[in-house]
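User: I'd like a close look at one part of this model, the sheet and whatever packs on it. Could you walk me through that in one go?

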Amino acid sequence: MESEATMVGQAAMLGLLARSLAGGEVSAPLAVRLCRACVEILAADGGALTLSSTTPERLTVSTSNGTSARFEDLQEVLGEGPGQVAYNEGRTVVEVIDGVDGVRFPVFSELAEDITGPVTLYAVPMRPAGHTIGVLTVYSVTGPLAHSIPDAQFLADAVGAALLGDPASVNALSFPTWPDRALVHQATGMVVAQLGVGPEDALALLRASAYAHSETLDQVAGDVVTGHLNFASRDDESDGIVSRETPGNEET
């Protein structure tokens, strides 16, 4: 698909970004406007901006629609997907999901196709300071992107530079001030205390529970913190180690 797009160069991409931002809703947060601009410029069907996308403190700073949010939730819960590789390896990953391929991310590909049908995801690392700070991910169900991969890479780097200069995004990179991430940290620590496992294993259990119950990582973390989900208490009616209380489902 990359060969179908023509490179326009850095100056042209900056011009497109400037015009898109100027024509957007100026009252929206910068991350939201940048995300929408990327989707518009690349003629994608949706997109997301994430920071530090492979760490436990992974933060999605903006998604253009619910489908993009679901793709990001899947990657966070499963710990696999094109955004993970793009961040780890600092390179663009193009993943065609059509029911035939998907060997690299078998579970993610299957679930992503359930959301949209055949789709192509483009995960582009944001590397404004010489190292990857996050990932621009866009998806398309209607055809190739409007611009080449090198142009998309320049756009991602420019957006990353803009985010580094945005106080709200810089504050988000410190994560302890972000309530939802703090909740995940707290839940991870509680699972560590419950089971005596390491933080990575505790986070893996949270992700597994989120996947099993079709929830986000934040939802599962909230259940742990409020006591509705306990990994240390055995359920007398099953062989599992998880005791889960569901409010409103008590027997009458």
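Analyst: Of the 252 residues in the chain, 43% count as buried, and bear in mind throughout that this is a predicted model. The accessible surface of the chain comes to about 12,000 Å², with 52% of that belonging to carbon and sulfur atoms. If you take the contacts with a separation of 6 or more, residues 24 or more positions apart account for 59% of them. In terms of secondary structure, the chain has 10 helices and 7 strands.

Now for the sheet. It's an open one with 5 strands, and reading across you get β2-β1-β5-β4-β3, with antiparallel pairing. At the edges sit β2 (59-63) and β3 (93-97), each of which pairs on one side only. On average, neighbouring strands here are turned by 20° against each other, if you ignore direction.

So which strand should we zoom in on? Let's go for β4, residues 119-126. How much of β4 is buried? It's mostly covered, with 8 of its 8 residues buried. In a regular strand the side chains alternate between the two faces of the sheet, so it's worth splitting the list by side. One side of β4 has V119, L121, A123 and P125, the other has T120, Y122, V124 and M126, and every one of these is buried, so both faces are covered. For the cut-off, buried means under 20% relative accessible area.

What does β4 pair with? On one flank there's β5 (residues 134-140), running antiparallel to β4 and joined to it by 7 bridges. Two pairs give you the register: T120 has S140 as its bridge partner in β5, while P125 is matched with V135. The other pairing is with the edge strand β3: β3 and β4 also run antiparallel, with 5 bridges between them. There, E95 finds its bridge partner in β4 at L121, a residue we've already met among the buried ones.

Next, the helices. Helix α3 (residues 66-78) lies across β1 (46-51), β2, β4 and β5, and runs at about 40° to β1. Helix α4 (residues 82-89) packs on the sheet too, touching β3, β4 and β5, and its direction makes about 25° with that of β4. That puts β4 on the list for both helices, α3 and α4.

To pull it together: β4 sits between β5 and β3 in the strand order, has α3 lying across it and α4 touching it, and has buried residues on both faces.

Notes
Residues numbered from 1 in each chain as written. Predicted model: local features only at pLDDT ≥ 70, side-chain atom pairs only at ≥ 80, totals over all residues. Heavy atoms only, no water. Pairing = 2+ DSSP bridges. Helix = DSSP H or I, 4+ residues; strand = E, 2+ residues; numbered from the N terminus. Axes fitted to C-alpha atoms, helices over the stretch in contact; angles between N-to-C directions. Contact = heavy atoms within 4.5 Å. Buried < 20%, exposed > 50% of the residue type's maximum accessible area, 1.4 Å probe, protein only. Areas by Shrake-Rupley, 256 points an atom, 1.4 Å probe, with all protein chains shown as cover.
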